[in-house]
Structures are given as C-alpha cells and as structure tokens.
Amino acid sequence: MLKDDLGRLQSDLMAAISGAGDMAALEVVRVRALGKKGEVTGLMKTLGNLGPDERKTAGQALNTLKDALAAAIEARKASLAEADLEARLATERVDVSLPARPDEIGRIHPISQTIEEMVAIFGEMGFTVAEGPDIEDDFHNFTALNIPPDHPARQEHDTFYLPEDAAGSRPVLRTHTSPVQIRTMQAVKPPIRIIVPGRTFRADSDATHSPMFHQVEGLVIDKTTHMGHLKGTLIEFCRAYFDIDDLPVRFRTSYFPFTEPSAELDIGCSRAGGKLTIGAGGDWLEILGCGMVHPRVLENCGIDPDVYQGFAFGMGIERAAMLKYGIPDLRTFYDSDLRWLRHYGFLPFELPNLVRGL
Ligand code: PHE
C-alpha cells in the first residue's frame, strides 16, 4: 500500500464528496468510501496481510483518512441541509406587507365581539375590567361568597375539582366569575365599579350547556349604592346591548347565597309563530342574575357592611350572543368551523362603540 495511492484515493473521494449535489448523491459517495464494501473498508481488510511495522503505519494512515472522510461527509451534509432550508424558505416566503384579501380576512369570534360590546357599554358607565384566575380555591369560589361547605348551592354548580394539593384542599375550575368579586374587594378599597368577563366551568354538556362557557360579572360597592342603581344600570345595559330603546324589562325575586335581596332580570320577547324575537311581545326571557351584595360577603372581604353596600350581577355571554345574533346552537361556538365563523363572526376593524352603534 503506497502512500501515493492513499493520497490519490483521498483526493478522489474528497472531490466526490464536495461534488455531491444532494443528500442521495452524498450517500452514494459515503457507501463507496466507508460502506461495508467500500474502498477504505477494503483496504482496512488487507492490513492483516502486512508485517507488524508496516501494519502499524498503514493502519494509522487509513484511520486518519477514514476520519478525514467522515468529517468531510458531515460538513457536506450540513451545508446541503442549509441549502435545502434556504431553498424552502425562498419558495415559502410570505409577504406580510401585502393587503388582506377580503375573502381571506379573519373574523372576530362572537364571544369576543360580545365581550367587546359589553365592555363598551359598561365602560361608558365608568366600569373598568377586572380579571381573575380560571383555577380557584374553595374560599374564593364558594366560602367567601357565603356558600359554606355543606350548602346545597354547591351541588348545583357541578364543579370540576382538581387533585388535592399539599395542604389537603382541592382547587376548582371556577364555576362562575363571582370569585373575582372577592379578589377585587380584598385588593382594593371602595368605591369599586368593575366588570369581569371570563371563562367559567361546570360539568354539564348538552345543546344548551357547555363544560366551558363565559360569564360577565359586575360589582359596584360604595357608601350610598342602592337597588335603584342596580335597576337603572341593568335596564340601561339591556336596552343598549339589544339596541331596543323600549325593551320591556322586569325583575323577578330570586335567590343567590351572595346577594340579598336577589333578583333575576327578564327581557321582553315574542315567540309568535315559533320564532323568537327580542322586544315587546308579551313573553319573557331570563337574561341575568343580580342582587345587593350580602353583608356577610362584604365582611368576608374585610369591608364594613355598616359603611359600604353595593350590587352585583352575572350573566352568560354565550346566551347573550345567541339571543342577539340568532345563533341557534351553543355547541357551534367551540367547533372552530370556519364556515360558521365566516357567517357569525365580525370584521376585525369594526370595533364596537356606543357612538357608532354596536
Ligand atoms: N354567580 C351567579 C351564577 O353564576 C350569577 C350572579 C352573579 C348572581 C352576581 C348574582 C350576583 O349563577
């Protein structure tokens, strides 16, 4: 085995490696050099026929050659891969500065739109938006809201429980947005005027119930806030939201552990001919729950009920959206069906505001 032969073999193979135009060609060169029947491998096999001294020098030379070839193949592989990527990036290039095509434009989901509309209406009345966590503890979701452990209202909530934590209590997926009332009253001093749009969860699923849905909570706390303010605020909200100036509205007595007195608000509608229309028509539709914040709830948050009082309300966002926009099936909200979204969705540049109309 002559040194010259090895040198020639090395330069031949190196030329083949750098000449390989793609991964497949490179693999052919690799097999030709280092594969089981490859040229270098073949030479390795002849080492046994040599005398000890010769074998040592030739062996070292072959190993050096082998390493050099392997390194060259790896380097070529990397540069081919990079070239591949460059080529792909060039063909898949997207010009983000192009104007949107009307048929390709995205839509705002009715849930987002409805939240924006509610924020616009309550925003005009001086409410700000507050938020809280989806995963709650028992205290904020129940106990502080005057729902102690054995209270029957707990059963009605079909709560999703999470595994016990180290302290032995079970976190819950919040069953309503009311725990944010507690978090707000614990964190800021009255006067308070907030709305809380957000996700809520109950273990319930059929045509009119989804295990995940949305509510918007409202809370007003001040020294002189009374039931008249509650009524005025919510009547005004309903008429603005449905855009019907003379929308009939009635308050029905109800029960919530965290408000006293409590009421449910119905809006007028007609079901003539099996068709539901919001407005005057002799029929009623429940739209939200509300009441004066229970003194015990204020106390639980460190607010003196002899000094402060206020009202709270909560409503389902999906339901409000279905009624306003005639969306018949709750489940379609979460199907991510583009045809549905194109039909019921809203254009992103038309942000709701009361001046232009919702
Ligand atoms: N949290 C109540 C529910 O989920 C709604 C509500 C909120 C009622 C605030 C009164 C006051 O049903």
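Reader: Where is Thr225 found?

Author: Before answering, I should say that this is a predicted model. In it, Thr225 sits in the loop that runs between β5 and α9.

Reader: Does being in a loop tell me about its surroundings, or should I ask separately: is Thr225 buried or exposed?

Author: Ask separately, and compare the relative accessibility with the cut-off, since a residue is called buried when that value is under 20%. Thr225 has 6% relative accessibility and therefore counts as buried. Leaving aside residues up to four places away in sequence, Thr225 touches Val220, Met292, Gln309, Gly310 and Phe311.

Reader: How should I read a nonpolar core, and which residues have the most contacts inside the largest one?

Author: The general idea is that in soluble globular proteins nonpolar side chains tend to be buried together. Here the largest nonpolar core has 40 residues, and Phe242, Ile267 and Phe313 are those with the most contacts inside it. Several helices and strands give two or more residues to this core, among them α5 (110-124), β7 (259-270), β9 (283-293) and α12 (338-344), while the largest share, seven residues, comes from α9.

Reader: What does Phe313 touch?

Author: If residues up to four places away in sequence are not counted, the contacts of Phe313 include Phe122, Phe127, Ile195, Leu234 and Leu288. There is also a second, separate core of 22 residues, which includes Phe142, Val180, Ile221 and Val297.

Reader: Val180 brings me to a helix, so to speak: which residues of α8 are buried?

Author: In α8, which spans residues 179-187, the buried residues are Pro179, Val180, Gln181, Ile182, Thr184 and Met185. These buried residues pack against β2 (135-136), α6 (138-141), β4 (192-201), β5, α10 (295-300) and β10.

Reader: Turning to the ligand, which residues come nearest to it?

Author: A careful reading starts with the surrounding residues and then moves to individual atoms. There are 14 residues around the ligand, and of these His176, Ser178, Arg202, Gln215 and Glu217 come nearest. A polar side-chain atom of Ser178 lies 2.9 Å from a nitrogen atom of the ligand. For Arg202, an N or O atom in the side chain is 3.0 Å from an oxygen atom of the ligand, and for Gln215 an N or O side-chain atom is likewise 3.0 Å from a ligand oxygen.

Reader: How much of the ligand's accessible area does the protein cover?

Author: On its own the ligand has 330 Å² of accessible area, and the protein covers 90% of that.

Reader: Finally, what does the domain assignment give?

Author: The assignment gives domain 1 (3-91) and domain 2 (110-344), and the centres of these two domains, taken over C-alpha atoms, are 72 Å apart.

Note on methods:
Residues numbered from 1 in each chain as written. Predicted model: local features only at pLDDT ≥ 70, side-chain atom pairs only at ≥ 80, totals over all residues. Heavy atoms only, no water. Domains from an automatic or database assignment. Core = buried A, V, L, I, M, F, W, Y, C linked by side-chain atoms within 4.5 Å. Buried < 20%, exposed > 50% of the residue type's maximum accessible area, 1.4 Å probe, protein only. Helix = DSSP H or I, 4+ residues; strand = E, 2+ residues; numbered from the N terminus. Contact = heavy atoms within 4.5 Å. Near = heavy atom within 4 Å. Polar contact = N/O pair within 3.5 Å; in protein donor to acceptor, adjacent residues only side chain to side chain. Areas by Shrake-Rupley, 256 points an atom, 1.4 Å probe, with all protein chains shown as cover.
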